Amino acid sequence: ETGREGATAWRTSWLDHAESLNDKPLVLRYTGLDPAARYKVRVVYAGDGPAKKIRLDTGDGREVHPFITKPAPVAPVEFAIPQESTKAGELELQWRREPGLGDNGRGCQVAEVWLIKA
């Protein structure tokens, strides 16, 4: 772990992240999944703008979680993936920040993602 000014200790992997800007989604695609399995996602929301809310949906329009404030202090959170979204053996995850915020366009920032067979 490493220190970060004004925050509790962060893991080194949390100091970097993937992000999208403005109202564009951050998208991850998975293939080769077990169509009969259940999955969950473990995610770490980091980056700047911890008060900006973030939402996670599947590519077929199912909500994984509504707009939530990123956990403070930064920590992994887990959510069930709707089984209907993986029955074809593929999954797309789409993260979005609150629409229409303006400013520097940042806020949809994801440091770590695990897709876990439940």
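Let me start with Val 27, which in this predicted model stands opposite Gln 94 in strand 9. That pair belongs to a longer contact, because strand 4, covering residues 26-30, and strand 9, covering residues 91-97, pair in the antiparallel sense over five bridges.

Now stay with Gln 94 for a moment and look to the other side of strand 9, where Gln 94 is also the bridge partner of Asp 57. This takes us to strand 6, residues 53-58, and strands 6 and 9, which run antiparallel, are joined by five bridges.

From strand 6 we can move on to strand 7, since these two strands also run antiparallel and are joined by four bridges, with Ile 54 standing opposite Ile 68 in strand 7. Strand 6 and strand 7 form a hairpin with four residues between them, and in the turn you will find Gly 61, whose phi is positive, at about 90 degrees.

If we put these pairings together, we have four strands in an open sheet, in the order 4-9-6-7, with antiparallel pairing. Which strands stand at the edges? They are strand 4 and strand 7, the latter spanning residues 63-69, and each has a single partner strand, so one side of each is left without a neighbour in the sheet. As for how the strands lie relative to one another, neighbouring strands of this sheet are turned by 10 degrees against each other on average, if direction is ignored.

One general point to keep in mind as you look along the strands is that, in a regular strand, the side chains alternate between the two faces of the sheet.

How values were computed. Residues are numbered from 1 along each chain as its sequence is written. This is a predicted model: local features need pLDDT of at least 70, side-chain atom pairs count only at pLDDT 80 or more; totals for chains, interfaces and linings use all residues. Side-chain values use heavy atoms; hydrogens and water are left out. Two strands pair if DSSP finds at least two bridges between them. Axes are lines fitted to C-alpha atoms, for helices over the stretch in contact, and angles run from 0 to 180 degrees between N-to-C directions.
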